[in-house]
Amino acid sequence: MTQSPDISALPQFSQLTIQGEDAEKFLQGQLTCDVTKLGLSYQAAAICNLKGRIEFGIWIKKQAEKHYDVVISSDCADALQAHLKKFGAFSKFDTSESIAIYPCVLADEPTFSHKDDHNTAEDTQDWMACSIATGNYWIVAATQGEFQPQELRLHQRGGMDYDKGCYLGQEVIARIYFKSAPKAFLHYVKGSGVVPVAGDKLDKIQVVNAIENDNGFTALVVARPEHLAESDLNILDLPAALQVDVARPK
């Protein structure tokens, strides 16, 4: 008899609220996306470090005027709170304590819910499978500072804006975008054997997220195409918008 998966071993997420007079201005100087364009749907975005690598992978929506809800992997929530306190010390906004929020799939899209009905291992596994198939990566403590946002195709998901002005890591990110392109970038793959964990390296291929399936695992990885071609992994199709070249359109 197959046992139900232990939900405590699956990814968990937290939501915190940022609201106040300076909330939009502060977030605009932190996030890769254009905060002025946010609405009621979750937008994948990031807060980067000064090296232009993702320190916090988040989803954010504008709940109301000067009121933003942020979702993050629970093992990064305390670090995000400390970051907001440090960089927002002279800005007028309040940050709530983080609360649990549950990953689920609604209308065939990976999203989040506060409903207890969605606090199940099955909902989380469905979210993981759907997220991996659609390029909806999630950053955990083990992968903080590992990836440049363009490597993860965040710009192809509306999570980056190259015209909005300065934010943390912007100089490095803009230089890569306008003057070069990542040689390694996000792919959706299928493999056999033991399921790797986030941050694992399969030779020269780095795992972002993975989930077990009947014949092995599926995963999001960052790799050079030539290294994938030399591996035993099978490349699967991401959504069309994420199949295009990661380089800046000519």
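## Strand pairing exercises

Two bridges join S1 to strand S5 (residues 94-95), and the two run antiparallel. Strands are DSSP runs of E, at least two residues, and helices are runs of H or I, at least four residues, numbered from the N terminus. Two strands pair if DSSP finds at least two bridges between them.

This is a predicted model: local features need pLDDT of at least 70, side-chain atom pairs count only at pLDDT 80 or more, and totals for chains, interfaces and linings use all residues. Residues are numbered from 1 along each chain as its sequence is written, and side-chain values use heavy atoms, leaving out hydrogens and water.

**Exercise 1.** Find the bridge partners of strand S1 (residues 13-19).

*Solution.*
- Start with S5: Gln19 has Asp94 as its bridge partner.
- Go to strand S4 (residues 67-73): seven bridges join S4 to S1, antiparallel. Ile18 stands opposite Tyr68 there.
- End with strand S6 (residues 99-106): three bridges, again antiparallel. Phe13 is partnered with Ile101.

**Exercise 2.** Decide how covered S1 is.

*Solution.* Count the buried residues (under 20% relative accessible area, 1.4 Å probe, protein chains only). Six of the seven in S1 qualify, so the strand is mostly covered.

**Exercise 3.** Trace the open sheet of five strands and name its edges.

*Solution.*
- Read the order: S9-S10-S11-S8-S12, with antiparallel pairing.
- Pick the strands that pair on one side only: S9 (201-202) and S12 (234-236).
- Check one pair: S8 (residues 185-191) and S12 share three bridges. Val189 stands opposite Ile235 in S12.

Key:
Buried means under 20% relative accessible area, exposed over 50%, partly exposed in between (1.4 Å probe, protein chains only).
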